[in-house]
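I opened this model to see where its confidence lies and how one strand sits among its neighbours. My entries follow in the order I looked things up.

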Amino acid sequence: MPLLGGIRPPIALLCVLVLALAGLTAKVLGPGAEPVVPKAVLSSQQYFAQDGAIALRASIDERVTDLERTAAALNAGGGAEPERVLSDLSKAYQKWTGTTVVDLASGKVLAARGERIPLAWLDKDVLTGDQALTPRMVRLETGDVRLMTMAVLERKEGPQQLLIASNSLSVPSINLGPFRSMAVVARGGEVLATAGFEQSEALNSDAEREELSFLQKQMTHLSDRAAEESEQNPVSAREPGSRGYPGVSGTLLGEEYNGRIATAGYASLAASDPEDEQSVAAGLGLTVVAMLPVVEQRTGTQDSRQLFGLLAAGALVLLGLLAVAILWVSVQRPLLALFLESRRLARGDLIRPVTVPRWGEAARIGAALERTRGQLGGAGAPDGAPVPRRKGRVRVGARGPLVLTAVLLLLWCVPVGFLLNRTDESISIPASMVNDQRDRTDLVADRVRRALNEAQADLVSTSRLIDTGDRAATETVLAQALREHTRYQALYVVGRDGDVIARAGDDPHAFSTGKDAALVRVSGKGTKKPVVQAGAPVPEHEGTVLVGEVRVEFLNSLLKRPGLGEVRVVNADAQTLAASGGFLAFAGLPDDALPDLVRAGNVQVGAGPVENGLLIRNGGAVTVAAAAPFTGGGVAAVLGWTVVSWQNANHFEITAYEREDRSVLAGLLGLALIVVCLGWIHLVVVRPLRALAADAENLADGDLKTVHYPRYQDEVGAVVRSLELIRQQLQARRQSQARRPAEPRPRAGGR
């Protein structure tokens with residue numbers, strides 16, 4: 001008999017799984033020290049650092065791309081005077097700290113604007129070879145570090161010129177919120193720029209200055225650690241199976257001061273696509289570190305909930321042992337006894353009566369074996385006459401112990417999974433989570449606003465190349481710009497009378513060219529998708545406008561950030577224009593509190609509208625929501641749009657929610673244990689045993705034609721084999737009895 005067959009393996013597995021689940025329950029639900037800082041707070045700092053890294057990377061890459069595109073457009077137009085080049089560049093983009101045009105033949109500075117750019121770093125290696133004109137970081141005399149971007153200007157006559165633009169590597173101009181600070185760190189841990197620290201001179205007491213000094217030292221220390229961690233390969237540094245940020249990212253814990261612990265998240269600058277090698281910022285080796293001092297979480301050691309795990313584990317062991325005992329007494333022991341009795345009868349031992357179990361299929365099989373013993377000629381056995389069966393009687397049999405065992409285990413699974421450690425709307429959510437939701441929503445709003453401003457600035461730059469008198473040349477320029485700027489789905493030139501002069505891409509939509517018309521607008525109400533249009537007047541052609549339709553999918557991609565939940569862009573009437581997930585154009589917000597939050601965010605307070613965060617407790621659910629209106633400069637600031645985000649707080653890695661999740665997991669594992677072990681017993685033992693009971697009764701009733709084949713090589717299969725041997729013996733006995741009357745008798749005399 002195979003060791004892995006029959007009734008014993010599933011019962012043994014049930015014992016092992018019950019003990020393993022009890023140990024797991026005691027470990028994950030039992031006494032344990034809670035973290036001094038919730039994981040949700042640390043993850044929020046990591047997300048904040050990732051947002052800062054994305055903003056810095058996009059800013060650097062956009063500046064490099066804009067400079068290269070401007071130089072290419074000037075080269076295509078035959079070149080221009082250096083002063084005009086810098087003038088047009090400053091009108092279209094206000095993003096460089098300094099610009100310079102240098103004669104490559106003589107090295108003479110032909111024009112300069114903004115801060116002075118040193119040229120000592122400019123040598124042959126910079127201008128030639130595989131790394132020619134690659135942007136690089138240069139330290140100024142003041143100690144500040146600048147990113148130098150270069151592009152060659154071709155001229156029809158005269159030597160080539162080099163256009164140089166310097167970019168600051170400062171912390172992205174985003175809302176850091178209260179108490180948070182951020183740093184840009186180079187390889188080796190050198191802090192290039194910081195933001196969020198108060199000025200020492202503005203503090204009123206020595207205690208505040210000591211705390212500021214502590215935080216600055218912590219930033220330096222954590223920056224060193226972050227720079228070291230960022231040297232890892234992004235693939236190997238990432239947890240197995242995790243996705244999301246393409247670079248190296250993580251969290252750090254600093255030291256404690258005055259009841260608060262310095263927490264930090266870091267993220268290296270990385271391209272949005274790991275296979276994209278065109279990202280200049282990704283190759284600079286920069287890391288963004290976000291630090292926030294958090295109040296240390298203190299919990300009482302006498303919390304009675306810490307004993308729930310041990311009590312639950314003990315209850316599971318008791319119920320499990322009781323369930324195993326029921327299966328052993330009611331299923332395993334009778335089955336093993338039937339195996340021994342059937343083997344004894346098959347071997348011809350008919351002296352002793354068959355020990356018949358008390359109930360169930362085992363009792364039916366035992367009674368049938370006893371009747372067959374009588375048919376084989378056993379002493380003291382019944383005569384083997386068929387016994388009438390009661391019709392309509394419900395036979396529970398071996399299914400009863402399985403049901404009872406399942407009920408016993410469910411008495412543990414259901415309370416643990418659905419009643420233990422349950423949370424409600426009174427759960428405490430760290431204030432930093434609400435603040436981070438608000439600040440990160442404001443960061444996304446700033447990102448969308450800058451993208452729209454950048455889209456309109458690109459149109460301003462392209463409009464200088466438009467020649468309305470040459471339709472073919474204009475459409476060539478538009479097609480080239482459409483290939484370079486993936487944010488647009490269509491580009492077209494609209495004349496004074498509203499007619500489309502030239503176009504590229506999708507079909508254009510109506511665009512009014514009035515004097516006071518907004519340069520960025522939205523239309524398409526009642527259609528499947530909103531139509532976001534940005535315009536730029538064409539120079540020297542009054543009333544003519546270059547229009548670009550921004551893809552809604554592009555705006556949607558800006559809203560997809562981990563840890564923010566559902567994010568939407570809405571207009572002043574709280575109607576949806578873009579979303580991180582699926583949405584209906586111009587649909588309202590799902591919760592009544594969200595439109596109120598949007599209206600509250602657009603209330604003029606001081607210099608303008610401000611972002612707001614809200615903790616919504618409703619019907620046992622806790623939701624963290626935030627709304628951030630468009631603020632700042634640019635043509636998109638006057639749209640009146642707002643970015644709204646919300647998420648259920650049960651997604652946060654807070655101790656109470658983690659304890660609840662662990663309880664549910666323990667209950668589900670218990671249910672899985674019931675299905676696996678009892679299902680195994682039912683399929684492998686109970687069903688064949690019920691079929692065996694019917695076959696044994698038929699055999700005892702005289703059915704000698706049916707051949708019995710075992711399904712499995714186990715105890716039930718062994719009884720089936722013995723039953724087949726008994727059938728063969730009965731058949732041989734009946735044939736022998738039938739031949740005796742037919743034998744000829746010898747006569748008394750003869751002829």
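**Confidence**

I ranked the elements of this predicted model by mean pLDDT: helix α6 (residues 234-237) comes lowest at 70, and strand β16 (residues 566-570) comes highest at 93. For the protein as a whole I got an average pLDDT of 82, with 89% of the residues scoring at least 70.

I then looked up residues 390-394, where pLDDT stays under 50. The model has zero contacts for this stretch beyond four places in sequence. I leave its coordinates alone, because predicted coordinates should not be read in detail where pLDDT is low.

**Overall counts**

I counted 15 helices and 20 strands in the secondary structure. Of the 751 residues, 47% are buried. I computed an exposed area of about 37,100 Å², of which carbon and sulfur atoms supply 53%. Taking contacts with a separation of 6 or more, I found that 66% join residues 24 or more positions apart.

**Strand β5**

Is strand β5 (residues 161-168) mostly covered or mostly open? I find eight of its eight residues buried, so by the under 20% relative accessible area cut-off the strand is mostly covered. I checked each face separately. On one side Gln161, Leu163, Ala165 and Asn167 are buried; on the other, Leu162, Ile164, Ser166 and Ser168 are buried too.

Next I looked up the pairing. Strand β1 (residues 98-103) runs antiparallel to β5 and is joined to it by six bridges; here Gly98 stands opposite Ser166. Strand β4 (residues 145-153) is also antiparallel to β5, with eight bridges, and Met150 stands opposite Ile164.

Terms used:
Residues numbered from 1 in each chain as written. Predicted model: local features only at pLDDT ≥ 70, side-chain atom pairs only at ≥ 80, totals over all residues. Heavy atoms only, no water. pLDDT = per-residue confidence, 0-100. Helix = DSSP H or I, 4+ residues; strand = E, 2+ residues; numbered from the N terminus. Contact = heavy atoms within 4.5 Å. Buried < 20%, exposed > 50% of the residue type's maximum accessible area, 1.4 Å probe, protein only. Pairing = 2+ DSSP bridges. Areas by Shrake-Rupley, 256 points an atom, 1.4 Å probe, with all protein chains shown as cover.
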